Amino acid sequence: MSLGKIFIEGIYVNLKRLIFGSECRTDLQLREDALNGNIKPSPKVAKVECIGCGGCATVCPTQAIVMNPVEPVEIIPGIMKTAIPEINEIECVHCYQCHDFCPIYALFGVAATIHPNDVGTKCDKDINSMLLDPAEVSDKKMKELAEYLTDDSILLKRKEAQAAKDAQITENEENVAEKAAEEQ
């Protein structure tokens with residue numbers, strides 16, 4: 001089947017669905033709103049839950065996301081939100097990098113606060129408490145996130161913490177072995 005035929009057939013099927021309700025999967029009101037151009041897109045950013053880190057704008061390959069300044073809001077002690085993202089829907093290619101890099105999704109595994117297809121507004125977790133609770137992040141996920149960071153300070157701190165932990169374990173093992181040798 002040629003590409004042109006597939007295209008024409010797709011247009012025909014969609015027009016038939018919209019105009020005549022053929023194979024209708026939507027209610028009459030939604031169909032009427034679509035035909036009259038009354039459908040308004042829902043917000044692409046959950047503005048209250050967004051922490052304003054700018055990660056989404058940093059990873060956007062088409063630079064379709066800009067950070068708009070807002071009145072500074074202290075999310076938790078020491079973390080201020082000074083901007084929120086806005087998606088330019090014409091430039092957006094729906095690659096989902098913004099969603100996947102959002103720390104709300106990447107670190108906590110809940111719906112991100114930004115999404116080209118509206119799921120970002122479904123984040124119903126208390127972001128403040130999530131940020132205050134320690135999160136376990138796998139090394140794989142940290143390396144994936146670090147690819148987009150401008151510096152590797154987070155990875156270096158993580159390595160230093162792991163080295164200190166390993167040194168403590170080694171020291172404890174040596175102490176146990178020393179005590180066992182003394183008891184013999």
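## Nonpolar core

In this predicted model, the largest nonpolar core has 18 residues. Those with the most contacts inside this core are C56, I65, I87, C98, C102 and I114. Three elements give two or more residues to the core: helix 3 (55-59), strand 1 (65-76) and strand 2 (79-87). Of these, strand 1 gives the most, with three residues.

C98 shows how parts of the chain meet here. Leaving aside residues up to four places away in sequence, C98 touches C56, V59, I65, I114 and P116. C56, I65 and I114 also appear with C98 among the core residues with the most contacts.

## Cysteines without disulfides

A disulfide is a covalent bond between the sulfur atoms of two cysteines. The count for this model comes to zero disulfides. C53 is in no disulfide, and the nearest cysteine sulfur, that of C102, is 6.2 Å away.

Why is the sulfur of C102 not bonded to that of C53? The two sulfurs are 6.2 Å apart, which is too far for a bond, because a disulfide requires the sulfur atoms to be within 2.5 Å. The surroundings of the two residues can also be described. C102 is buried, with a relative accessible area of 6%, whereas C53 is partly exposed at 49%.

## Nonpolar surface patch

On the surface, F7, I8, I11, L15, I19 and L35 make a nonpolar patch of about 600 Å². Helix 1 (residues 3-20) gives the most to this patch, with five residues. I19 lies in helix 1 and counts as partly exposed, with a relative accessibility of 48%.

Notes. Residues numbered from 1 in each chain as written. Predicted model: local features only at pLDDT ≥ 70, side-chain atom pairs only at ≥ 80, totals over all residues. Heavy atoms only, no water. Buried < 20%, exposed > 50% of the residue type's maximum accessible area, 1.4 Å probe, protein only. Core = buried A, V, L, I, M, F, W, Y, C linked by side-chain atoms within 4.5 Å. Helix = DSSP H or I, 4+ residues; strand = E, 2+ residues; numbered from the N terminus. Contact = heavy atoms within 4.5 Å. Patch = residues over 30% accessible without salt bridge, like charges linked within 9 Å, V, L, I, M, F, W, Y side chains within 5 Å. Areas by Shrake-Rupley, 256 points an atom, 1.4 Å probe, with all protein chains shown as cover. Salt bridge = Lys/Arg side-chain N within 4 Å of Asp/Glu carboxyl O.
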